[in-house]
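This report considers how the interior of a protein chain is packed and how its strands are arranged. Please look at the sequence and the structure before reading on.

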Amino acid sequence: MRNYVTLICTPALDELYPDIEKKLFFDTPQNDGHGHLSTNIALSLNKQLKKNPREIAAAIIAAIKYDPAIIEKIEIAGPGFINFFFTSSYIASTVKTICDEGTEYGKSHKYSGKRANVEFVSANPTGPLTVGHGRNAVCGDTAANLLEWIGYSVDREYYFNNAGRQMRVLGDSVRHRYLQKLGDAIEFPADYYQGEYITELGELLVTEYGDKLRNEPAEGVFKDRAEQAMFEDIKKSLKKIGIEHSVFFNENSLYTDGKITEVLNLFKEKGLSYEKDDAIWLKLSELGNEQDKVIVKSTGEPTYRLPDIAYHIDKFNRNYDLLIDIFGSDHNATYPDVMAALKSMGYDTSKVAVLIHQFVTVTQGGEVVKMSTRKANYITLDELIDEAGSDVVRFFFNMRSINSHMNFDVDLAKKQSDENPVFYMQYAHARICSIMRMAEEQKLEASFENLALLSTKEEQKLIINLGFFPDIVLQSGEALEPHKVAGYLMETAEAFHRFYTQCRIIQSPPQVASARLALCLAAKTVIANGLRVLGVSSPERM
RNA sequence: GCGCCCGUAGCUCAAUUGGAUAGAGCAUCAGCCUUCUAAGCUGGGGGUCGGUGGUUCGAGUCCACCCGGGCGUACCA
């Protein structure tokens, strides 16, 4: 629908005002009297043209050539809005379009042939995923879905590190639990990983090896087993909410492949690094950032910045058109350095989109659950999925803007009732399926022959809503804002439920019933497709 | 101190490049099932959009300052 109005307005504007920069946008007005789509173009040209916006609007309308079978009327309203009204027969015809395209409806080819890489989760295998990781995971996977829907071919990537201090501590934590299980009077350090899963691993190793590991170092079998177990756990949790990464990139490989040294040499060649206090610094202040930062510590060990830069270079070299990083807000200080470094090396950083989501506050029993990995005081993503279900978890994260400091109400998530917003859409879908079953028993079939009969307010509103789905997917995908799809689907479900209460199907005259069945099919298609974008299932019964 | 994010109905959150009367869910109150799923529908109450100035035809949205909260601000990741 936006396509068509854009198509008819653009030539009219170019003809009238060839030398003026125009920003043409269309809104969906709240008020029914304001048409199906509306543009403020005349208001926005007001200043440049120094003319009354209503006069400008009148001139534009006069210049627009349109098909009267599609557009019923174009009106000037208020201070100078131009409102477009579609004909009800055109609106009705979108029902057929939707059903014809089926599971493909809503997809766009705008970015066909382009490749995107979405890197998300990327938690090191030191413990189970928490609710916080859940937001990152859902956000990343849904962003990836959206990109696929607008044409990209997408790789989902997980960047991890199984070396370094954290992992040594993990291994040693298991070793301590192992020795404790063997009966050794050994104290468990307070800053070690306190989680139950560590104890279980220690015990498991006792069952498997008896006391044979007593003199093993932390970094051998203890660390390896811990890492393996953690990763299995993480992958299992992700799979439960429908997430599978196609690439697992080990930070360690950047060292073994010499990528780190390469980058280091490059900085040196370009004169962008220098030594001070036995450390190597990057001249970020010369690259427009606030201050220089250490990239190699005086111990000879790189800081996280260096491998991060090397990793992004690797991604760049894999020739993606779009690179997406999903971070929690605790990382918001790290990416400007990486971006500045990449830019200095000639990489086009406009290809990188960094999505930073804010933290999740978890509440249970009306109280905030304080998360602490070290104290093992957290709710794991796994527990949450088991208790609330994958659909609820995915929908809860997807319904909020990533900028919102969202609250995750565990009690609400667990409720299998109308208080839980996910079911509103799923129920609409199940209802439609139920109608389909009933129609089949009655030998009623959907038909596109008499779509013009879909003329009640409820029918028209539902169809108009369904017709906007492709616009929403495109907007949401380009802006990387999954919550818009969620919000849209709530409106779709609402429009359907209203239609359902007002418009009977089975008892209606056959032609009306057939047309309404076609509309039901279209609504089912949109709801199912929309939920698929969000990674939520569409149940046939509830 | 500085940087990013947030402050909107009792609660959780929307509000499409600055647009028309600021919306939805939950909660609350009043109605609606002998007919396709009541996990639904209809209606009511509930707001100085944190505050004060400014920009303009128009500001929840942009700018300045202030108040309050989250996350950062490492030779941790």
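The account below treats the nonpolar cores, then one sheet, of this predicted model.

**The nonpolar cores**

The largest nonpolar core contains 126 residues. Within this core, the residues that touch the most other members are Ile60, Ile71, Phe84, Phe86, Leu147, Phe408 and Phe496. The greatest contribution to this core comes from helix H20 (residues 510–534), which gives 13 residues. Domain 1 (2–86) and domain 2 (92–111 + 421–534) each supply at least three residues to this core.

Phe86 may serve as an example of such a residue. Its neighbours within four places in sequence being left aside, Phe86 is in contact with Met1, Tyr4, Val5, His36, Leu37, Ile70, Ile71, Glu72 and Ile91. One of these contacts, Ile71, is itself listed among the residues that touch the most other core members.

A second core, separate from the largest, has 26 residues; among them are Leu282, Ile309, Ala310 and Val338.

**A sheet of three strands**

Strands of a sheet pair through backbone hydrogen bonds, either parallel or antiparallel. Here, three strands form an open sheet of mixed pairing, in the order S13-S12-S14. Strands S13 and S14 are the edge strands, and each pairs on one side only. From one strand to the next, the twist averages 40°.

| Strand | Residues |
|---|---|
| S12 | residues 361–364 |
| S13 | residues 367–369 |
| S14 | residues 407–409 |

S12 and S13 run antiparallel and are joined by three bridges. In this pairing, Val362 stands opposite Val369 of S13.

Technical notes:
Residues are numbered from 1 along each chain as its sequence is written. Chains are lettered from A and ligands numbered from 1 in the order in which they are written. This is a predicted model: local features need pLDDT of at least 70, side-chain atom pairs count only at pLDDT 80 or more; totals for chains, interfaces and linings use all residues. Side-chain values use heavy atoms; hydrogens and water are left out. A nonpolar core is a set of buried Ala, Val, Leu, Ile, Met, Phe, Trp, Tyr and Cys residues joined through side-chain atoms within 4.5 Å. Buried means under 20% relative accessible area, exposed over 50%, partly exposed in between (1.4 Å probe, protein chains only). Helices (H or I, at least four residues) and strands (E, at least two) are DSSP runs, numbered from the N terminus. Domain bounds come from an automatic or database domain assignment. Contact means heavy atoms within 4.5 Å. Two strands pair if DSSP finds at least two bridges between them. Axes are lines fitted to C-alpha atoms, for helices over the stretch in contact, and angles run from 0 to 180 degrees between N-to-C directions.
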